[in-house]
Every structure is written in structure tokens, then in C-alpha cells.
Amino acid sequence: MAVILESLSVKQLIALGLGIVVILCAFFIAGGKIAPSPTNAMLHTAHICHTKNQDAAQEPWTCAHLDNLDQAREKGITPHEIVFAIQFPHPGLEMSRWHQFIAASVRLDLRFDSSFPYRAKDDKHGYPVWTFEASLFYKDKNDTSGGWKLMARSLEDRELVCHFKESKNNRDGGYYDCEDIPFFEIGSVYHEYYLVNLRLPVHRSKNRHIGPVSELHFVEIHQNGGFTRVWFTMKTIVSPISIILLLWFAKRVKNLSRGPVLLEKTLFLLGVVTAFLNLPIEWFTLWVDMPFMLLLTDIRQGLFYAMLMCFWIIFTGEHLLDQSERNRLKVYWRQVGAIAFGGACLLVFDLCERGYQLKNPFFSIWATKLGNDLAYAFIICAAVCACVYFLFLCVLVIKVFWNIRGKRATFKNMSRARRLNYEGLIYRFEFLMVVTLLCAGLTVVFFVISNVNEAHWKFGSEESTVEISSALFTGVYGMWNVYVMSIMFLYAPTTSDRYQASFDGNRETVELTGAADPVSGAKESIVYSMAGKTAQE
């Protein structure tokens, strides 16, 4: 398994390293200087409309407008005839297919009224339940009919968590400060205009304990079109490069007379998953309505996370095991099984929400107190597991360093030239392991931050406590690709005999280099052989 990493000259390695740094800087600069922020939030206040038609769409600008609910009460209008209407985007603007997704939340302003109070949480009762009937409509710019078409309709319940802002000494004064409530999420922005109609039913004791609603605010979050263009362009450039390099690596391995070893198989699978992640299928969303794109994106990224973590475990483990124990996947069944179980849990969690949202965009696992607690617990557990994995990987890398450095005792009887050659190969491998740790650390940080940021989307937070910049998005994406492609290139089999002349005639050297492949002439990797415990015997 002689690899290109051991055959490149120092000048070639320096040139390769400088090229990698330049490419990484280009990814970060593209996100920091060219692309705008990844998402944009728009705040809307619902218009109160009066209608007796339960099915017709009510536009906020053309409906029978009411100033407030007190006016409706004075006119004898029943709650069934009141509709809260929100149209987005704002007048004069259009939604674009470049926006990719929409996540929305609502926030209620409740006025304190002693005759119709908000029931606060106590020992006997939890938070009151807010029940609403929501309808989502859409309209296209070039639609000659001009009418709104129904996209989804659902009757939903949400826990309403509010806190009084002022003293209740005033008889009928003050407002409740309510938390944002997840409203809906759609994974495709295929139309230019959207309309939300919301009713508050009062039959069968529904909404009896929420108090009088003063206003309803709506926060809509979508991906920035400028960021989408930069993101699509990057994937379009990177995707064919990753596929070409994958095919080149597979051809190199196939040309060997022996079968591929476990490390080569794992690296090939990592390349396949990376190529799948890079496929710019998002371009189709500009012409085809693909509401499942958010779910598909999560699945692709989850597969990449799992494969990358498995590769790191096998990559380090293969440099720790005895020669007799290598190339056996069952040796890693505990680590790979734990990663597979964690990935399956993430997939189930995603299917429970985004999978069901394909049928009902108003569904949210965050809607109830139990679901909210479980979702946060799941995010915290995933973050803790990711940190534990990184610490475990650090321990493995330290063991690899200790194992390889222990073999340097065999160098003392060698000539100075031979010893320097070996030490140079060791330094190359150790530097690659350090880069692996840095990549793993940044991946864990990005995983944790992205999950926290997505949790803020559910509640429409306009200013997240942890914000992902465009530079971090594009930079981490570039880091993943540069790392995977560099590993595939550096660990591709080679037939170079750069060190053969210096090593011939020394018994220890023959044991470390291993036999040459009879067809391709490729030798076994020196560092790989050196790391095996049998090499020391």
C-alpha cells in the first residue's frame, strides 16, 4: 500500500500545501466577502379581517378590515367570522425560488383583562393551549386567474407561554409578553406570493384560557438569494472535481493485483459520500417544485458526518493494530455501530418532523412542552456525543503518535541518510494526523452550532445567540472537500521507487517496506507497516 504521501518530494509537498491553503482561503473569502448572510428574517403584523365565508382566502389589503377585536365585539362579530391575515413578502416585493425554504413563527400580544384572564401555569394546570386553524395559500406572478390556491390547511394546538409585563394593580391595563411559537416550515419556495389565514376557534372550550388577543406578529425566515447563488456555484465547481478524483483513485486501486485493503475501501466510500454531498441537485429547485429538499439535504449531510467519523476511526485504528488484526471491519464494530446508531437516531428525528411536514407544514415536534423538551434534549445529547467522539479520536491519535515514535528505536543502527528518510516520512504522517484532528474539531463545532442555530429558526429568532456566518458555511464546506480530496490523493497507491535504493540491503528496512505488488510494482506503505506491532518484532 505504498502511497503518494511517501513518494512526493519536499518541494512538491510544499507546493501542494500552499495550494490547499489558497483554496481554503478562497472558500472563506467567497462566504465572507461575496455572499450575504445565509438567512433573512422579515417581521409582519397580522391584519384583522371580517368574513362569513369560511373557505375563501382573505387578503390583508382588500378584506373587510377591523382595527381591533374590541371593534369586532362592539359590532357583534363572532370569533368564527374573524380571520388574521398575513401576506408575505411585503407589498412591492416577491419571493424567489432562490430563497429555497421558509420557516415561520408567530407571537401573540395578549391584553390583560380581569374578566377574561390568561391562566398562568400553576401546580394544577400547565400552560394554556392555543388552538388555531391555519390555511396557507399561494399565488404565482404570471397566474392569469389571479386567485389564491390552497397549499395546506390544519387545526393545530400550541402551548402558550406568557408572562405579565406590568403590575396588575391597574384594573384593565398591561400586556403579556409571550414566547415565539413555531408556526410552519416549507422546504421549497416555488411561488412568488404567500398568504396565511388564521382563525381562533372558541367551541368546545378551546382558547378559553388564553386571554384577549391584541395583536399577532409573524416572523418569516428564508435563505438569502445571494447566498444561494454563491452556494450553488461552489457545488457546481466542486462536484465534477470530486467525481474525477474518485474515479482516479478507484482506477489506481483496481490496477493492483491484490484486493483493496480496509483503509482503501473506507476512503473510497468516503469519496462516494462526498461526491453525493456535492451533487448540485439544488439547481432543479429553480424549475421543479421539490418540497423534500430540506429532508434530502439533511440525509446527505448526515451520511457524510457518519462516513467521515467512521473513516477517522478506521484511519487511526489501522495504524494501531497488529498486522494480523488489520483489514477486518469487525474489529471496529463497537465504534462503527455506535456511529450508525447515532446516525439512525438523527434520521428518525428528522423524519418525525420534516418528513411529516411534507404532508402538513404546520406540524412541529416543538409544538408541545414534551416535544420541545425532547427536541432540546436530543440536540444537547447529540452535541455531547460529538464532543465525546472528538475526545476519543484525540486519544487514538495520541496512541498512534506514541506507537510510531516507539519504533524509532530501530533507527539508531541505520545510516544518517536512511534515518532522515524514515523520520521525514513519520513527520509527514504526524502532520496529516494533526490536520485530521483540526478538521474533526471544526466539524464538531460546526455540527453543534448548526443545530443550535436551527433550533432558533423554529422560533423565528431574528437574532440568534449563535449565528452562523456565510464564511463559516462556505469555509467548513471547503475544508471538508479539501481534506477528503487531499487524503484520497495522498493515500492513493503509487509505484514510485524513490526510497528503494537507499533502503536495499538492510534487514530492518525490508521488514518495513514489505513486498512489492507483482503487477503494479507498488510497495506497502512504510509508515503503515511501521505502525503495525509486528514490524517491531
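Patches here are built from residues with over 30% relative accessible area and no salt bridge, like charges being joined within 9 Å and nonpolar side chains (Val, Leu, Ile, Met, Phe, Trp, Tyr) within 5 Å. A salt bridge, in turn, needs a side-chain nitrogen of Lys or Arg within 4 Å of a carboxyl oxygen of Asp or Glu, and accessible areas come from the Shrake-Rupley method with a 1.4 Å probe, with only the protein chains shown counting as cover for residues. The model is a predicted one, where local features need pLDDT of at least 70 and side-chain atom pairs count only at pLDDT 80 or more, while totals for chains, interfaces and linings use all residues. Residues are numbered from 1 along each chain as its sequence is written, and side-chain values use heavy atoms, leaving out hydrogens and water.

On those terms, a nonpolar surface patch is made up of Phe276, Ile299, Leu303, Leu347 and Leu351, together offering about 380 Å² of accessible area. Helices α5 (293–317) and α6 (333–357) each give two or more residues to this patch, and Phe276 sits in helix α4 (residues 262–278). Helices (H or I, at least four residues) and strands (E, at least two) are DSSP runs numbered from the N terminus.

As for the UniProt record, its unreviewed entry annotates as "transmembrane region" residues 12–32, 230–250, 262–283, 303–321, 333–356, 376–404, 425–449 and 469–492; positions follow the numbering used here, feature names are shortened, and such annotations may be inferred rather than shown by experiment. In the model, residues 230–250 are 100% helix and 0% strand, with end C-alpha atoms 30 Å apart. Residues 262–283 come out at 77% helix and 0% strand, and their end C-alpha atoms lie 35 Å apart.

Next come the voids. On a 1 Å grid over the protein atoms alone, a cavity is a set of points where a 1.4 Å probe fits but cannot get out, a pocket is an open set with protein on both sides within 12 Å along at least five of seven lines, and lining residues have an atom within 4 Å of a point. Grid points are joined across faces, edges and corners, a volume being the space filled by probe spheres set on the points.

The second largest pocket holds about 560 Å³. Its lining runs to 21 residues, with Gly17, Ile20, Phe431, Leu432 and Val435 nearest the centre. At least two lining residues apiece come from α1 (10–34), α8 (416–458) and α9 (470–490).

Two cavities reach 30 Å³ or more, and the second largest has a volume of about 60 Å³. Among the residues lining this cavity are Asp55, Glu133, Arg153 and Arg199, and β6 (129–139) contributes the largest share, three residues.
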